[in-house]
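Q: Please take a close look at one part of this structure, and explain each term as you go. I would like a connected account that I can follow with the model beside me.

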There are 2 protein chains.
Amino acid sequence: MSGRVTIRDLARAAGVSVSTASKALNDNGRMADETRARIKRIASEIGFRPNALARGLLSSRSFTVGLLTNDTYGRFTLPVMAGISEALVDHGVSVFLCAIEDDPALGKIHVDAMLDKQVDGIIATGKRVDRSLPVDLAGLPVPVVYAFTAGTPDSVTFTADDAQGAGLATAWLREIGRRRLAHVTGPEDFASVRERAFAFASEAGGNAPILYGVWSESWGHEAVARLWDDGGERPDGIFCGNDQIARGVIDALRERGVKVPGDVAVIGFDNWEILAQQTRPPLTTVDMNLKELGREAGLMVLSLAEGRTVEPGLRKLPCKLVVRQSCGGARYA
Amino acid sequence: MSGRVTIRDLARAAGVSVSTASKALNDNGRMADETRARIKRIASEIGFRPNALARGLLSSRSFTVGLLTNDTYGRFTLPVMAGISEALVDHGVSVFLCAIEDDPALGKIHVDAMLDKQVDGIIATGKRVDRSLPVDLAGLPVPVVYAFTAGTPDSVTFTADDAQGAGLATAWLREIGRRRLAHVTGPEDFASVRERAFAFASEAGGNAPILYGVWSESWGHEAVARLWDDGGERPDGIFCGNDQIARGVIDALRERGVKVPGDVAVIGFDNWEILAQQTRPPLTTVDMNLKELGREAGLMVLSLAEGRTVEPGLRKLPCKLVVRQSCGGARYA
DNA sequence: TCACTATGGGAAAAGGTTTTCTCATGTCGA
DNA sequence: TCGACATGAGAAAACCTTTTCCCATAGTGA
């Protein structure tokens, strides 16, 4: 009688046994349709909702998954999280979010806590596709899915197709008539940087310049300085490794009096909306579909939790190009 | 025998009964110290961890809280979440994150799911202090704490002290010798905008201009245009309503050849690090201590869940000033 | 030797739900 | 009228842990 209404209260109110009440609600067992309907009606009248703890104890399914991340700013984690949540809420599944920074001890604490709470599965995500979280998720008693972070070879891993995304951007620049392309991107030790650069080179030609640097606006500035001041041929189309760099590039071009998109078209990467939309002009950029990626990861971990067996391996999800004004207006809009 | 090791396995391994095993682990009951130590040792050897579901069923504590938010980009939610998580992980509590956008139906679904899972409490957070979430949290069977979103009058609500933060910024501008101050901020229908503006006016003097607009960089640009082109006295210190506006202001000043911080000192609000640090020069800004706010909210909801009774009401936590270069270098650094 | 107490440890109930098994009643065909 | 069978619904076990109550055994004092 602790305030919460249990199935015993329901049984008493309906004048049936606890087992009949349970069967009525779950469409189990045999019983008169009238009885079933009456019990369901009374259940909703008295506001009965089954205790998920008790149910989970029995079914060894807690309808709970854990999301582990080391992405502090949440730039990548939030869309992934949104996708997971959206996909799983229909199945009655809730998500534990655990930010573990890069602290192995903290990671272990959170993983243990999740296991204690009998999560149905764990999704690992992060800020970098070629690094793994500082915690070992192999051999856990629950399924683990990796999304936008490195997984073990025999695990299921989702990631964005960097090469395809970079190809999309480069092809677009060519399609709108730009011929002198350049790529300004992040540190070469990022796998995605290398993949994007390779795809760019394939599409733009081997002698199109590729400038590696860091993930910051100021590097965008500096890269423009190099491209404009070192006497080489100046580009009319720049594909940037992320939106921050693109922002720096655009600001630097404006400061030099170079028109965007008139003289130079610029494309970013990430579609970090709050930045891409505020850039002047708003940024055409590659969207990694992280929400969709989260959705797939969520459904996958649920499948695994339900016992379905799937082929392990890396699954690359396609990127899409979001056309704004930094390339000269929406062509398809 | 489903792979997971239960207390029965432990009891069998130790040659004692289940109840003895339980008592040994929880330092309950009377037993030989040697027995207790032996059981604990065996428990850790075989990797026994109590099933939180079963434990929760008994204690009606799930060691779980729900965090409800409508802040899509997570700019405010993430620090709050980090604070909550940090404060509660020590207590073995995990956090469900539920992003409900502004959808009442979705909100209800998530709240129901959390209640089904017997959360010990709910923390509501958002993106705006004077709006409440699109879901009614009154009369729930678990404690509710509001953090950075509007709560009911008889609830416990945490928020940042906007007036104090604005006072901090304005006083700092005066302290570094600026005398012609202006305030460029967001829409006047935000309570925090009004509070900050009032505090600014008190400190800067009643005829210091206050420009209301929207939360965007482009408004920052436009505001500078107005201040510089309408023939009035030009400011030498601008306090902005958020970091995005400050960014726009700084960019606009640079385009006009006005030096920051030489000619004009600029202060932002929010300390949205990824933006504030990338601004050139890096932005001096007011930090609302959202992480601390989350920590307090987490501890509060835990207290309430444990039955402690606290005085309801609004609790304002102080802001702090983060000094970077947009005001002329760190004075205390 | 007896009654009593302290000590160490076990049995069982409780928490809320689901599922399997069992039972009672009624209906039908032979 | 009897057996077979379908139908409706209840009893009990199971999930795992904690806690209360109880029972042996040994030790102590009279």
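A: What follows looks at the surface near the DNA, and then at a few places elsewhere in the protein.

This is a predicted model, in which local features need a pLDDT of at least 70 and side-chain atom pairs count only at pLDDT 80 or more, while totals for chains, interfaces and linings use all residues; side-chain values rest on heavy atoms, with hydrogens and water left out. Residues are numbered from 1 along each chain as its sequence is written, and chains are lettered from A and ligands numbered from 1 in the order in which they are written.

Start with DNA strand D, which has 27 residues around it, and of these A:Ser17, A:Thr20, B:Ile7, B:Asn28 and B:Arg55 come nearest. A residue is called near a molecule or strand if one of its heavy atoms lies within 4 Å of it. Of the atoms of DNA strand D that come within 4 Å of the protein, 54% belong to sugar and phosphate. Polar contacts, which are pairs of N or O atoms within 3.5 Å (within protein, one must be able to donate a hydrogen and the other to accept it, and residues adjacent in sequence count only if both atoms are side-chain atoms), show some of the detail. A polar backbone atom of A:Ser17 is 2.8 Å from a phosphate oxygen of this strand, and a backbone N or O atom of B:Ile7 lies 2.5 Å from a phosphate oxygen of DNA strand D. In B:Ser22, by contrast, a polar side-chain atom is the partner, 3.2 Å from a phosphate oxygen of DNA strand D.

The elements behind this surface are helices; helices (H or I, at least four residues) and strands (E, at least two) are DSSP runs, numbered from the N terminus. At least two residues of the surface near DNA strand D come from each of α2 (18–25) and α4 (52–59) of chain A and α1 (7–14), α2 (18–25) and α4 (52–59) of chain B, and α2(B) supplies the largest share, four residues. By residue type the surface near DNA strand D divides into 11 nonpolar, 10 polar and six charged residues, where Ala, Val, Leu, Ile, Met, Phe, Trp, Tyr, Cys and Pro count as nonpolar, Asp, Glu, Lys and Arg as charged, and the others, Gly among them, as polar.

Turn now to DNA strand C, which has 28 residues around it, with A:Ile7, A:Asn28, A:Arg55, B:Thr20 and B:Lys23 coming nearest. Of its atoms within 4 Å of the protein, 48% belong to sugar or phosphate and the rest to bases. One base is reached by B:Ser19, where a polar side-chain atom lies 3.2 Å from a base nitrogen of DNA strand C. Phosphate oxygens of DNA strand C are met by a polar backbone atom of A:Asn51, at 3.1 Å, and by a polar side-chain atom of B:Thr35, at 3.1 Å. The elements that give two or more residues to this surface are α1 (7–14), α2 and α4 of chain A, together with α2 and α4 of chain B. Here α2(A) gives the most, with four residues, and the surface near DNA strand C holds 12 nonpolar, 10 polar and six charged residues.

How are the two protein chains related? Chain B can be laid on chain A with an RMSD of 0.1 Å by a turn of 180 degrees and a shift of 0.0 Å along the axis, which is the relation of a two-fold axis. The superposition is by least squares on the C-alpha atoms of residues with pLDDT of at least 70 in both copies. Among the residues of chain B, B:Phe96 comes closest to the rotation axis, its C-alpha being 2.3 Å away. The same surface serves both copies, since 100% of the contact residues of chain B recur in chain A, contact meaning heavy atoms within 4.5 Å.

Away from the DNA, A:Ser85 sits in helix α5 (residues 77–89) of chain A and is buried at 9% relative accessibility, where buried means under 20% relative accessible area, exposed over 50% and partly exposed in between (1.4 Å probe, protein chains only). Leaving out residues up to four places away in sequence, A:Ser85 touches A:Val95 and B:His110.
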